[in-house]
Each structure stands twice: as C-alpha cells, then as structure tokens.
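Subject: Handing over the model

Dear colleague,

Please find below the structure that I said I would pass on to you. My notes on it follow underneath, with the conventions stated as they come up.

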Amino acid sequence: MTRRCLTLLLCLPVPLMAQQNLSETGETALPCPGPARAIALAPAGSLDLDGATSHLTFGPDLRVCFTQTDVTVIDGPTATFACTAIRDSDDEGLGYYFTAEGIPHHLWFHIDATETAPSLQIGLYREEAELVWIDTAYPICGG
C-alpha cells in the first residue's frame with residue numbers, strides 16, 4: 001500500500017496496482033505445441049487417433065504433451081517421463097495419478113517394446129475402472 005494525499009484533504013490508502021504483462025511471464029505460448037484433442041472423463045471404450053495429435057487434454061486442467069522422446073504431464077506441477085522409461089518399465093508402462101471432479105483418476109502410459117514402429121498408448125482410469133484406451137499413433141521412441 002502507498003499513500004497519496006490530496007493537498008489540504010485527508011490521506012487515503014491506495015493499493016498498488018501491478019499490471020502483469022503476459023509476455024513478461026512467458027505465458028503467451030500454449031503449454032503444448034501442435035494440435036490437441038480433448039478427452040472426456042467418461043467411458044469411451046477404445047479411441048484410435050491418426051498420429052497428428054501431439055497433446056491431449058483431460059478435463060479442464062490436465063494436459064499431456066508428447067514428443068518423439070518423452071511425455072510431459074501438466075497438471076499444476078509438471079512431470080516428464082522419458083519414452084525409454086515407459087517402454088522399458090517392468091510394469092509395461094508408467095502411471096500418473098490425479099484427482100478430477102473429486103474422484104481419483106490415473107493415466108497409464110504404454111509403449112509396446114515389441115513393435116518396430118512404436119506409438120504412445122494411454123489408458124484413462126477412474127479409480128480402477130478403465131474409461132478409455134487411446135492409441136495415439138504418434139511415433140515415439142524410434143517409431
């Protein structure tokens with residue numbers, strides 16, 4: 001707070017107004033480059049994409065960006081998974097847990113190590129029930 005006084009009148013507190021320029025904070029660019037696809041947090045079975053999508057949104061806040069070498073989840077904090085860690089996992093993939101609509105959810109990232117041209121596959125689960133299995137057809141880890 002600063003004070004500004006008018007001559008011969010009383011002094012009133014005036015809040016400092018900080019004007020934030022988005023270009024100064026680096027928030028002008030989208031969090032994930034390239035085409036996006038929104039995925040509902042509802043049962044959908046199986047979804048086969050065409051490989052052109054490079055990121056998915058789940059609900060209003062969670063984004064999953066993928067490149068040929070890694071997968072990044074943006075949900076407040078950012079988590080990045082190397083494609084080799086997903087592909088070579090003893091559990092045949094890696095999970096990311098989050099809460100949406102007050103209910104526990106998780107994403108399961110899978111890259112089939114036996115494929116000559118692997119693509120990223122993502123399972124969306126509410127608690128333990130699978131809502132949708134997505135084959136992105138996006139080439140990853142040498143695919």
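The structure is a predicted model, in which local features need pLDDT of at least 70 and side-chain atom pairs count only at pLDDT 80 or more, whereas totals for chains, interfaces and linings use all residues. Residues are numbered from 1 along each chain as its sequence is written, and side-chain values use heavy atoms, with hydrogens and water left out.

I begin with the sheets. Strands and helices here are DSSP runs numbered from the N terminus (E of at least two residues for strands, H or I of at least four for helices), and two strands are taken to pair if DSSP finds at least two bridges between them. As general background, strands of a sheet pair through backbone hydrogen bonds, either parallel or antiparallel.

One open sheet consists of five strands in the order 3-5-6-7-8, with mixed pairing. Its edges are strand 3 (36–39) and strand 8, each of which has a single partner strand, so one side of each is left without a neighbour in the sheet. From one strand to the next the twist averages 20°, where axes are lines fitted to C-alpha atoms (for helices over the stretch in contact) and angles run from 0 to 180 degrees between N-to-C directions. Strand 3 and strand 5 run parallel and are joined by four bridges, with Ala36 standing opposite His55 of strand 5. Strand 6 (residues 62–66) is antiparallel to strand 7, again through four bridges, and the two form a hairpin with three residues between them; within this pair, Val64 has Val73 of strand 7 as its bridge partner. Strand 7 also pairs in the antiparallel sense with strand 8 (residues 78–82), over five bridges, and there Thr72 is found opposite Thr80. That second hairpin likewise has three residues between its strands, and Gly76 in it takes a positive phi near 80°. Because four of the five residues of strand 7 (residues 70–74) are buried, this strand is largely enclosed by the rest of the structure; buried means under 20% relative accessible area, exposed means over 50%, and partly exposed lies in between, with a 1.4 Å probe and protein chains only.

Another open sheet of five strands has the order 4-12-11-10-9, also with mixed pairing. Strand 4 and strand 9 (94–100) are its edge strands, each pairing on one side only, and neighbouring strands of this sheet are turned by 20° against each other on average, direction ignored. Strand 10 (residues 103–111) runs antiparallel to strand 11 (residues 119–126) and is joined to it by seven bridges; along this pair Phe109 stands opposite Ile122 and His105 opposite Arg126. Seven bridges also join strand 11 to strand 12 in the antiparallel sense, Ser119 having Pro139 of strand 12 as its bridge partner. These two strands form a hairpin with two residues between them, and Glu127 in the turn has a positive phi of about 55°. Strand 11 is mostly covered, seven of its eight residues being buried.

Turning to the interior, a nonpolar core is a set of buried Ala, Val, Leu, Ile, Met, Phe, Trp, Tyr and Cys residues joined through side-chain atoms within 4.5 Å. The largest such core has 29 residues, of which Phe58, Val64, Leu107, Phe109, Ile122, Leu124 and Ile134 touch the most other members. Its largest share, four residues, comes from strand 12. Leaving aside neighbours within four places in sequence, Ile134 is in contact (heavy atoms within 4.5 Å) with residues including Ile39, Leu47, Phe58 and Ile122.

Two local details remain. Ser54, in the loop between strand 4 (45–48) and strand 5 (55–58), counts as buried at 10% relative accessibility, and its side chain reaches the backbone oxygen of Pro33 at 2.8 Å. Beyond four places in sequence, the residues that Ser54 touches include Gly34, Phe66 and Tyr138.

Finally, with a salt bridge defined as a side-chain nitrogen of Lys or Arg within 4 Å of a carboxyl oxygen of Asp or Glu, the count comes to one. It joins Asp88 to Arg87, with the closest N and O atoms 2.9 Å apart; Asp88 is partly exposed at 48% relative accessibility, and Arg87 is partly exposed as well, at 25%.

With best regards

Note on methods. A polar contact is a pair of N or O atoms within 3.5 Å; within protein, one must be able to donate a hydrogen and the other to accept it, and residues adjacent in sequence count only if both atoms are side-chain atoms.
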